[in-house]
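Here are a few exercises to work through with the model open in your viewer. Try each task yourself before reading its solution.

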Amino acid sequence: MKTNILNQLLALRFNKMNYRIFNNSVILKNLFLFLVLFSFENNIAQNTNQQSLKEVSSFLSSLKSDIDYQKTENLINGPNSAIYLQNNTVKIFGENCKVLFSDIASLDYIKNNSLPSNNVDIVRINLKKSTDLNGKIDLSLFSDFPNLKYIYIVSSLDITKQNIANMILNNDEKYSIIYKIEQAE
């Protein structure tokens, strides 16, 4: 009788131990699967940002017609009426502004303040300070810009295309994102 009870107790302990081992292995497998999928999804988002990001000269050369090229090149480099948003201060030069110049730190200003954004075709974001590399460019901030076509990122810092791609948030590929890395003097 004692051996029967002892055998039952041993069997019960063995079953509990197997259950714990099984339970832990299932948890570990699920955790591993989650980590793999999470890193894969993050990689896809970064690759999508990087693929939609083009260097300005290659972007201009890819435009289909001379009219598109001239119009976009004038928008990027020509004199235009503009809004300057720097150090959370707004200055407007001209009417029906086509260009918004901003530093990365002032982008949050757009969230809480209204700007005359109806005619803005291009937003130029300047990266000049090393602290700018920690900033994020949330493209959802520009949802109230009905004519916006281009986000132009100009960096005078030692930066790569991947660094710029990592800064971009909420890219639904509504805008053409172009960049230029200027050599610091």
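**Exercise 1. Work out in what order helices and strands follow one another from the N terminus on.**

Solution. Start at the N terminus of this predicted model and write down each element as you reach it. The chain reads α-β-α-α-β-β-β-α-β-β-β-α-β-β. As a tally, that is five helices and nine strands. Next, look at the chain as a whole: of its 185 residues, 31% are buried. Finally, take the contacts with a separation of 6 or more: 63% of them are between residues 24 or more positions apart.

**Exercise 2. Lay out the open sheet of seven strands and find its order.**

Solution. Step across the sheet one strand at a time, and the order comes out as β1-β9-β7-β5-β4-β2-β3, with mixed pairing. The edges are held by β1 (53-55) and β3 (89-93); each has a single partner strand, so one side of each lacks a neighbour in the sheet. Going from one strand to the next, the twist averages 20°.

Now zoom in on one pair. Strands β7 and β9 (residues 176-181) run parallel and are joined by six bridges. To see one pairing in detail, pick Val154, whose bridge partner in β9 is Lys180.

Then add a helix to the picture. Helix α3 (residues 66-77) lies across β4 (99-103), β5 (122-127), β7 and β9. Its angle to β7 is about 45°.

**Exercise 3. Describe the surroundings of Ser155: is this residue buried or exposed, and what does its side chain reach?**

Solution. First, place the residue: Ser155 belongs to strand β7, which covers residues 150-155. Second, check accessibility. Ser155 has a relative accessibility of 0%, and the cut-off for buried is under 20%, so Ser155 counts as buried. Third, follow the side chain of Ser155, which reaches the backbone nitrogen of Leu157 at 3.0 Å. Fourth, leave aside residues up to four places away in sequence and list what Ser155 touches: Leu127, Lys180, Ile181 and Glu182.

**Exercise 4. Examine the positive phi values of Asn88 and Glu173, and say where each residue lies.**

Solution. Begin with Asn88. Its phi is near 60°, positive even though the residue is not a glycine. Asn88 sits in the loop between β2 (82-86) and β3. With a relative accessibility of 44%, Asn88 counts as partly exposed.

Move on to Glu173. This residue, also not a glycine, has a positive phi of about 60°. You will find Glu173 in the loop between β8 (168-169) and β9. Its relative accessible area is 49%, which makes Glu173 partly exposed.

**Exercise 5. Find which residues line the largest cavity and which elements each supply at least two of them.**

Solution. Start with the count: the structure has one cavity of 30 Å³ or more. The space in the largest cavity is about 40 Å³. Then collect the lining, which consists of Leu75, Ile76, Val99, Phe101, Ile122, Arg124 and Tyr152. Last, sort these residues by element: α3, β4 and β5 each contribute at least two of them. For orientation, recall from Exercise 2 that α3 lies across strands including β4 and β5.

Conventions:
Residues are numbered from 1 along each chain as its sequence is written. This is a predicted model: local features need pLDDT of at least 70, side-chain atom pairs count only at pLDDT 80 or more; totals for chains, interfaces and linings use all residues. Side-chain values use heavy atoms; hydrogens and water are left out. Helices (H or I, at least four residues) and strands (E, at least two) are DSSP runs, numbered from the N terminus. Buried means under 20% relative accessible area, exposed over 50%, partly exposed in between (1.4 Å probe, protein chains only). A polar contact is a pair of N or O atoms within 3.5 Å; within protein, one must be able to donate a hydrogen and the other to accept it, and residues adjacent in sequence count only if both atoms are side-chain atoms. Contact means heavy atoms within 4.5 Å. Two strands pair if DSSP finds at least two bridges between them. Axes are lines fitted to C-alpha atoms, for helices over the stretch in contact, and angles run from 0 to 180 degrees between N-to-C directions. On a 1 Å grid over the protein atoms alone, a cavity is a set of points where a 1.4 Å probe fits but cannot get out, and a pocket is an open set with protein on both sides within 12 Å along at least five of seven lines; lining residues have an atom within 4 Å of a point. Grid points are joined across faces, edges and corners, and a volume is the space filled by probe spheres set on the points.
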